[in-house]
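Please read the following report alongside the sequence and the coordinates. It begins with the ligand and then turns to the interior of the protein and to the confidence of the model.

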Amino acid sequence: MPGNKKTINSKILNDIQNKNDNNITNNNIKLNGSKTSDKKEINYLSSMTEVIDKDKKYKEKKLTGEQKINLLRTIIKIRRFEEKTIQLYQIAKIWGYLHPYVGEEAVAAGACAAIDRHDYIVSTHRGHGHSIAKGADLNRMMAELFGKATGYCKGRGGSMHIADTELGMLGANGIVGGGLPISVGAGFSCKMEGKGRVTLCFFSDGATNNGVFHESLNMAAIFKLPVIYVCENNMYAISMSVCESVACKDIAKRAVSYDIPGVIVDGSDPEEVYFAVLKAVLRAREGLGPSLIEAKTYRFGGHHPNDPAEYRDKKEAEYYKTEKDPVKNYKARLIDEKVVTIQAIEDMEKQIMQEVENSVKFAEESPEPSLEKFLEEVSGI
Ligand SMILES: Cc1ncc(C[n+]2csc(CCOP(=O)(O)OP(=O)(O)O)c2C)c(N)n1
Ligand SMILES: [Mg+2]
């Protein structure tokens, strides 16, 4: 690892900004570089304002007030659930590993709003937000984190193994990039079934440097599988900055290798994520194959609750927390648009907090898994 990482990071980020005017075109979607003059003193955000997909057809589409309120509810629900799990982890009520999704909520919310209940999602080690956005039951999720018998995996799996096949949630995954080949299998099944079902596959920047990323996207493209690849580029893989680990500035550009659309969206904006994913979903349902969507996002905390994230530039983290907070920003936007009132948001917050507290009570009061059923429940023997 480099000795003075912060200095190196800043330098790389500056360099990135300076060469920020390269454009490429793929499947008629223009990949635009942003203008350095717009950036002022914040360098590390070189690509946050870039949105490759400027397609009028989708930009002009409007969400209904109800859809917007649902997006807001999902974002807040994920945030409050995650904050609670962090608290519970610190007092050792929650077992095993925990990778909070705080800061990234708009990606799961926007992406899952663009698919139907019968569609599949494939998640990651940072998967609570994906499960919640797909409609998972908070009680069963919390019970799983507590290792209780009423949990999604009967308390045998914990955070990184939450799955709900009835909801089309094909599982979180402790293996980085492990969901990518699963999405190919799921995509094959969607295609063979022929009913227009699609698979949404989430992963982060670190996973895209694994061979399996290439193998999966290549195969999905060859067979025109209905899979939407959503890269949650939160700029870090544990302590490794994306600036030091990914050779190209935008992961979406890798789509060119597979001759599929590559789209960049602001991952703090649920509507932008929604429209980009919706477009990819419609394309996939028409049999035109996969797309790669890169949502530029940020994890507000460390890799896990006990990681102080000292490898990050403090100003960088501060910027995202103050300027790119999906909860704060979307609340403000919907108030501004008169879609909700402050009172309605307060009521929503109360109702969500109650739901989260109820899940904790449910988990606390649930029985431990039995020793006798251990083998049966873990391996099916
Ligand atoms: C195949 C594999 N290699 C290494 C690890 C250890 N590991 C766990 S999380 C992580 C970082 C993943 O980074 P990224 O894909 O960007 O996901 P993020 O944590 O940012 O959501 C690593 C290397 C693992 N779980 N699996
Ligand atoms: Mg990452």
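## Surroundings of the ligand

The shell around ligand 1 in this predicted model is made up of six nonpolar, nine polar and two charged residues, where Ala, Val, Leu, Ile, Met, Phe, Trp, Tyr, Cys and Pro count as nonpolar, Asp, Glu, Lys and Arg as charged, and the others, Gly among them, as polar. The shell holds 17 residues, of which V176, S204, G206, A207 and A237 are the closest; a residue belongs to it if its C-beta atom, placed from the backbone, lies within 6 Å of the ligand.

## Basis of the model

Residues are numbered from 1 along each chain as its sequence is written, and chains are lettered from A and ligands numbered from 1 in the order in which they are written. Because the model is predicted, local features need pLDDT of at least 70 and side-chain atom pairs count only at pLDDT 80 or more, whereas totals for chains, interfaces and linings use all residues.

The protein chain has an average pLDDT (the predictor's confidence in each residue, from 0 to 100) of 87, and 84% of its residues score at least 70. Over residues 1-54, however, pLDDT stays under 50. Where pLDDT is low, the predicted coordinates should not be read in detail.

## The nonpolar core

The largest nonpolar core, a set of buried Ala, Val, Leu, Ile, Met, Phe, Trp, Tyr and Cys residues joined through C-beta atoms within 7 Å, has 88 residues, and C201, I228, V230, V277 and I293 touch the most other members. Helix α10 (residues 270-285) gives the most to this core, with eight residues; helices (H or I, at least four residues) and strands (E, at least two) are DSSP runs, numbered from the N terminus.

## Strand β5 and its neighbours

Strand β5 (residues 227-233) has seven of its seven residues buried, so it is largely enclosed by the rest of the structure; buried means that 20 or more other C-beta atoms, placed from the backbone, lie within 10 Å of a residue's own. V227, Y229, C231 and N233 cover one side, and I228, V230 and E232 lie on the other. Strand β4 (residues 199-204) pairs with β5 in the parallel sense over six bridges, pairing being assigned if DSSP finds at least two bridges, and F202 stands opposite V230 in β5.

L292, in strand β9 (residues 291-296), counts as buried because it has 30 C-beta neighbours inside 10 Å. Beyond its neighbours within four places in sequence, L292 is in contact (C-beta atoms, placed from the backbone, within 7 Å) with residues including Y229 and C231.

How values were computed:
Buried ≥ 20, exposed ≤ 12 C-beta atoms within 10 Å, placed from the backbone. Contact = placed C-beta atoms within 7 Å.
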